[in-house]
Structure formats: structure tokens, C-alpha cells
Amino acid sequence: MLGAIAGDVIGSPYEHAPIKSKDFNLFNRYSVFTDDTVLSLAVAWSLLENIPYQKTLREFFQQYPNAGYGGRFRRWARSPMPKAYGSFGNGSAMRVSPIAWFYDDLDKVIEEALHSAEATHNHPEGIKGAQAVAVAIFTARHGADKSRIKSVIEDRFGYDLSLSLDQIRPEYRFEVSCQNSVPQGIVSFLESTDFEDAVRNAVSLGGDSDTLACIAGAIAEAYYGGVPDDIAEQTLSRLDERLKSVYLTFQGR
């Protein structure tokens, strides 16, 4: 899951200051973890401790209330009686990566991706986005090549992955729906040459940069066999002890 966290941190300075270039410093003083990281680690904690996703998502929100959540998620997390709110936003997709590492059965990954999404994002598109990212990570970590990953996602989930980044980038804008950000995040990985290139591709689209890079980075970590040491070190140095502890516990498991 470190690839997702690294993508989030690297993309964070450009979420509200988008760029259309791959030429940028990977880390700067504005590179911080956001809700993508917090909620990914919340999902990881649910898996480790066998706690319902709804409970850990709310607990981690309460510990990190200023990490940049969407308005509807904030209202849900603060509600005394929270109910899923039919979202098809990419929040379901950005937090799903731990599931693809925790289980070694594809059907179980798909099932758990659904459960992790439906705590909040119980719209079919919100569920589909989470499942697509989880399946892409799972197939990558089990040795599938890019053409196979692409065909699995297109065939199973109906996403159109035919447009190149050069075709997407000129008109692409900030977009938080799964249907208009998950395919772009996956293409950012598919066109990459290594982990760093996948994250740079995602940021260069000029959209919801931290989440696009989170998705691309999550798949790239699985495909390329990890996160480069220098990027991993810079990323982990930006987590507090609580979040780092969850990550290290999950990694050890």
C-alpha cells in the first residue's frame, strides 16, 4: 500500500494547483499526506483487527479531521447514525489498496472491495471504482503484464482505457467521480516505465492529483515490485507515528 501513500503525498501540492507537466519536484514543503492516506490506513487497520470498515473510517477521521475530506464524507463521519450516502466519488477507489494485498483470492478481493466501498460509496459506480483498482493491483502483484491488466479491467468493469495520456491531458480537469478519474489513474500506470513515471503521469493530467497518483502508485508498486527506496523514505518521513505504525504493522503481516 506504500505506493498509494507515496502517490498521495507526491500529488498533494497539485490537488488545488494543477499542472500539465511531468517536470516537477517529487517532494517539496507542501508534500503532505491527505485523506487518501488516512483512509487507506483505516482500511488496513480494519483488515488487521477485523473491525468493520465503517468504524475505522470514522475513528481515523476523528484522529485526522483536517486531512482534506469531501464535505459529504465529513458529514457522514460526524453523524451519530451514519448511513451510506450513494456516492460515486473516487474516495472508494483511493482507499482500497490494502485489500488487494491482504487477500490472495481474487473473488475475496472483489467482495471486500465492495464492502469497503459501500460503507459510504454505495452507488454502483463507487463500488465499481473500488473493485477495479483492487483488481488491477491484485493482477499486477500476481505477475500479469500490462496488456492483461488492461483487458481484465476493460472486460470486467467496462472502463474505456483506449485513450492515451496525450489525448486525455489537454481537456482534463479536476474530477472526483470514479467514472472520470479511475480510468485515468489506471492509464497513468499503463503508460509508465517505472514507479516514479506512473506517479508523474498521474499528476501531469492536472486533475485530482493526489488521488490519481494514489491510484496509479498503488498499481505501479504491485507491478514494478515495490516503491524505490528514496521515495519510500521521503514518504514515510511525512507520516506521524500513528500512521507509520499502522503501515509497518500491515507490511509485517
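**Exercise 1. Decide whether N50 is buried or exposed, and describe its backbone.**

Solution. Begin with the scale, on which buried means under 20% relative accessible area, exposed means over 50%, and partly exposed lies in between, with a 1.4 Å probe and protein chains only. N50 has a relative accessibility of 71%, so N50 counts as exposed. Next, locate the residue: N50 sits in the loop between α2 and α3 (53-63), where helices (H or I, at least four residues) and strands (E, at least two) are DSSP runs numbered from the N terminus. Finally, turn to the backbone, where phi of N50 is near 55°, a positive value in a residue other than glycine.

This is a predicted model, in which local features need pLDDT of at least 70 and side-chain atom pairs count only at pLDDT 80 or more, while totals for chains, interfaces and linings use all residues. Residues are numbered from 1 along each chain as its sequence is written, and side-chain values use heavy atoms, with hydrogens and water left out.

**Exercise 2. Work out how the span of α2 compares with the expected one, and how many of its residues are buried.**

Solution. The expected span of a helix is 1.5 Å times one less than its number of residues. For the 15 residues of α2 this gives 21 Å, and because the end C-alpha atoms are 21 Å apart, the two values agree. As for cover, 14 of the 15 residues of α2 are buried, which leaves the helix mostly covered. Just after α2 comes N50 with its positive phi of about 55°.

**Exercise 3. Find which residues S40 touches, and which backbone oxygen lies 3.1 Å from its side chain.**

Solution. S40 belongs to helix α2 (residues 35-49), and S40 is buried, with a relative accessible area of 1%. Contact here means heavy atoms within 4.5 Å; leaving out residues up to four places away in sequence, S40 touches M1, M94, R95, S97 and P98. A polar atom of the S40 side chain lies 3.1 Å from the backbone oxygen of M94.

**Exercise 4. Describe S97 and A100, both placed in helix α6.**

Solution. Take S97 to begin with: at 2% relative accessibility, S97 counts as buried. Apart from residues up to four places away in sequence, S97 touches M1, A4, S40, I137 and A218. Then take A100, which is buried, with a relative accessible area of 0%. With the same sequence neighbours set aside, A100 touches V109, A134, I137, F138 and R141. The C-alpha atoms of A100 and A202, which stand 102 residues apart along the chain, are separated by 20 Å.

**Exercise 5. Establish how far α8 reaches, and what covers the buried residues of α11.**

Solution. Helix α8 (residues 124-141) has 18 residues and reaches 26 Å from its first C-alpha to its last, close to the 26 Å expected at 1.5 Å a residue. Since 14 of the 18 residues of α8 are buried, the helix is largely enclosed by the rest of the structure. Just after α8, G143 takes a positive phi of about 95°. Helix α11 (residues 182-190) is mostly covered, with nine of its nine residues buried. What covers these buried residues includes α5, α8, α9 (146-157), α10 (165-168), α12 (195-204) and α13.

**Exercise 6. Characterise the largest pocket and the second largest pocket by volume and lining.**

Solution. On a 1 Å grid over the protein atoms alone, a pocket is an open set of points with protein on both sides within 12 Å along at least five of seven lines, where a 1.4 Å probe fits, and lining residues have an atom within 4 Å of a point. The largest pocket has a volume of about 450 Å³. Of the 26 residues that line the largest pocket, G70, G89, N90, G91 and V176 are the closest to its centre. The elements giving two or more residues to this lining are α2, α4 (71-78), α5 (91-94) and α13 (209-224).

The second largest pocket has a volume of about 180 Å³. Its lining consists of M1, L2, W101, F102, E221, Y247, F250, Q251 and R253, and the elements that give two or more residues are α6 (97-102) and α15 (241-252). The largest share comes from α15, with three residues.

Methods: A polar contact is a pair of N or O atoms within 3.5 Å; within protein, one must be able to donate a hydrogen and the other to accept it, and residues adjacent in sequence count only if both atoms are side-chain atoms. Grid points are joined across faces, edges and corners, and a volume is the space filled by probe spheres set on the points.
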